[in-house]
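Here are some exercises to work through with the structure open beside you. Try each task on your own before you read its solution.

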Amino acid sequence: MNIVVLVKQVPDSGAERNLRSDDNTVDRESATNVINEMDEYAIEEALRIQEAHGGEVTVLTMGPERAGESIRKALSMGPDKAVHVVDDALHGSDALATSKVLAAALGTVNPDLILCGAESTDGRVQVMPHMLAERMGIAALTGARKLTVDTDGAGGATLTIERQTEEGYEVVTASTPAVVSVWDTINEPRYPSFKGIMAAKKKPVTTLSLADLGIPAAEVGLAGAYSAVVEHAKRPPRQGGTKVVDEGDGGVKLVEFLASEKFV
Amino acid sequence: MAEVLVVVEQAGGAVKKVTLEMLTLARELGTPAAVVLGAPGAAAAVVDKLAEYGAATVYAAEHEDLDGYLVAPKAAALADLVRQVSPAAVLLGSTQEGKEIAGRLAVRLDNGLLTDVTGLAADGTATQAIFAGSTIVTSRVTRGLPLVTVRPNSLTPTPAPAEAKVSAVEVAVDGSAKLARIVERVAEAKGARPELTEASVVVSGGRGVGSAENFKQVEELADLLGGAVGASRAAVDSGFYPHQFQVGQTGKTVSPQLYIALGISGAIQHRAGMQTSKVIVAVNKDPEAPIFELADFGVVGDLHKVVPQAAEEIRKRR
């Protein structure tokens, strides 16, 4: 099976993150940039499917030059190759433009299965799999906590996921080609081995520009975005309030506070 | 006034609170019109509630396929309706399904999209809290109509009775929208507690709770306060509590009136899910735990002593 994993490089969610003051886009320059955590689960799932059913795993990233670091990191887990869509004109692209570019790039690989994390830690928008499915006319199975692949022997497969809902869970099924997004409950991603890290340096990474994909620069980036940030400001940090040390009456004091705020 | 479409979300046959919040918000922007996307009979079950919160019209887009396939048929039906009625804005809940429908709708209509909106002004300017609630952004859709998903608990829903004329919408679902079939829906017992993202009180436990068994203390306090139970990632990873209750960067974002953190140190990834809560209370053994930096009231102590005592005190006061 031909599998593509969408991998996004994001600013580390464990550190301070900022928007740029000049154009209100995510400040990736001064941030520590890492693989979006949820995408590591998608890579792991792809590798497990490859181990069971064979085929090839390709990493696809849209992002600036330095997203290449994340691509190498992803490859060190085990995928075979990567495609990096990189073009200065992409800076500031919204989800709609991103889905347009990714759909075009996916067209060059022609995958049976597209795997991705359910959301990125920077935007947390969660719409990409369905936007891609809509553009490509394929199925989207989203928010999987479990994925089962039944191959048909002819390169295709029936995919079945379990997805958590507020009432319980749903079992949803589709035939390939399809895009499947996964939560971090689906597996435990492997750590890259030393051998994997060394091998990743030699794995092929194809770079594609907007021109390669036949997408006019005016349709993407800040200028082509369908929404705009008007302004942004740091929320004033919360101030710690009263802190008491429990001397045998901590529970009572807690309830006194709740009562003063009318919660009790 | 132009119509503002509010896509109705239901849970267990009832209208979800976020829908009532959106109807309340829609009244500021135009004439609220609710859109029910579901199996035949879905609208009739909720029309009274939608009327109570100001829906002048209830568009009933009903078809078995809307219920039998994952979101694509709903998005297709909604796109058709938007083209017909040319609303002033379209509001959906910032929930898994609401975002998924919105994403598809944006592509179908070639329209901009804003998610996780906490406020929307009549001129279409939206407010969003990003990066773990640390940055407040105002933004606008610059192509097409304001298409936004509204984060639950962004405002207080208030009733404003209206007539709620039911208008049946023709639904035609073509094969391209029927690729992801829902085979089964399995209900899991969740008791009487409110839904995590909609609850006005959330009591969460972390690694400090110590065991799955001890989470009963967290649940007891939540139940006494009429709240939902949450858990930190550390607690979920330790197997103390199920993942669907995880609050934080890779879990749910909550914004209740009261958030009580028990045995949670307050790593930035956890704060991402709760720091826009109105009032924060923390109990932790470690006086240096970062959670105290945001807590309006903190108790440094053993939660296994403090929580049962607090529960007892609440019962005493009744």
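## Exercise 1: Where the chains touch

In this predicted model, the contact takes 65 residues from chain A and 78 residues from chain B. Task: find out which element gives the most to the side of chain A that touches chain B.

Solution, step by step:

- Start with the elements of chain A that give two or more residues to this side; among them are α1 (37-53), α3 (95-109), β12 (227-234) and α8 (250-260).
- Now pick the top contributor: β12(A) gives the most, with eight residues.
- Sort the side of chain A that touches chain B by class, and you get 28 nonpolar, 20 polar and 17 charged residues.
- Look at what β12(A) pairs with: strand β9 (residues 135-141) of chain B, in the antiparallel sense, over seven bridges.
- For a spot to zoom in on, take A:A228, which stands opposite B:R140 in β9(B).

A bit of background helps here: strands of a sheet pair through backbone hydrogen bonds, either parallel or antiparallel.

## Exercise 2: A sheet with strands from both chains

Task: work out which strands stand at the edges of the open sheet of six strands, and why one side of each is left without a neighbour.

Solution, step by step:

- Write down the order first: β13(A)-β17(B)-β16(B)-β15(B)-β13(B)-β14(B), with parallel pairing.
- Go to the two ends of that order. β13 (242-245) of chain A and β14 (228-231) of chain B stand at the edges, and each has a single partner strand, so one side of each has no neighbour in the sheet.
- Check the twist: neighbouring strands of this sheet are turned by 15 degrees against each other on average, direction ignored.
- Now see how chain A joins in. Four bridges link β13(A) to β17 (residues 297-300) of chain B, and the two run parallel.
- Want a residue pair to click on? Which residue of β17(B) stands opposite A:K243? B:G298 does.

## Exercise 3: Helices lying across the sheet

Task: for helices α6 and α9 of chain B, say which strands each one lies across.

Solution, step by step:

- Take α6 (residues 215-224) of chain B: this helix lies across β13 (201-205), β14 and β15 (258-262) of chain B.
- Add its direction: α6(B) runs at about 170 degrees to β13(B).
- Move on to α9 (residues 303-316) of chain B, which lies across β15, β16 (279-284) and β17 of chain B.
- Its angle to β16(B) is about 130 degrees.

## Exercise 4: Each chain as a whole

Task: describe chain A and chain B by their elements, box and burial, then test chain B against the radius of gyration of a compact globule.

Solution, step by step:

| | Chain A | Chain B |
|---|---|---|
| Helices and strands | eight helices and 13 strands | nine helices and 17 strands |
| Box of C-alpha atoms | roughly 70 × 45 × 40 Å | roughly 60 × 40 × 40 Å |
| Buried residues | 48% of 264 | 60% of 318 |

- Now the test. A compact globule of 318 residues would have a radius of gyration near 20 Å, and chain B has 21 Å, so the two agree.
- Then ask how far apart in sequence the contacting residues are. Among contacts in chain B between residues at least 6 apart, 69% join residues at least 24 apart.
- In chain A, residues 24 or more positions apart account for 70% of the contacts with a separation of 6 or more.

## Exercise 5: Unusual backbone spots

Keep this in mind: most residues other than glycine have a negative phi, and most peptide bonds are trans. Task: locate B:S86 and B:D110, and decide whether each is buried or exposed.

Solution, step by step:

- B:S86 has a positive phi, near 40 degrees, and is not a glycine. Find it in the loop between α4 (72-85) and β6 (89-93) of chain B.
- Count neighbours: B:S86 has 9 C-beta neighbours inside 10 Å, so it counts as exposed.
- B:D110 also isn't a glycine, and its phi is positive at about 50 degrees. Its place is the loop between α5 (96-109) and β7 (114-120) of chain B.
- With 10 other C-beta atoms within 10 Å, B:D110 is exposed.
- One more for the road: a cis peptide bond joins A:T176 and A:P177, with omega about 0 degrees. A:P177 lies in the loop between β9 and β10 (178-182) of chain A.

Notes: Residues numbered from 1 in each chain as written. Chains lettered and ligands numbered in written order. Predicted model: local features only at pLDDT ≥ 70, side-chain atom pairs only at ≥ 80, totals over all residues. Pairing = 2+ DSSP bridges. Axes fitted to C-alpha atoms, helices over the stretch in contact; angles between N-to-C directions. Contact = placed C-beta atoms within 7 Å. Nonpolar A, V, L, I, M, F, W, Y, C, P; charged D, E, K, R; others polar. Rg over C-alpha atoms; globule rule 2.2 N^0.38 Å. Buried ≥ 20, exposed ≤ 12 C-beta atoms within 10 Å, placed from the backbone.
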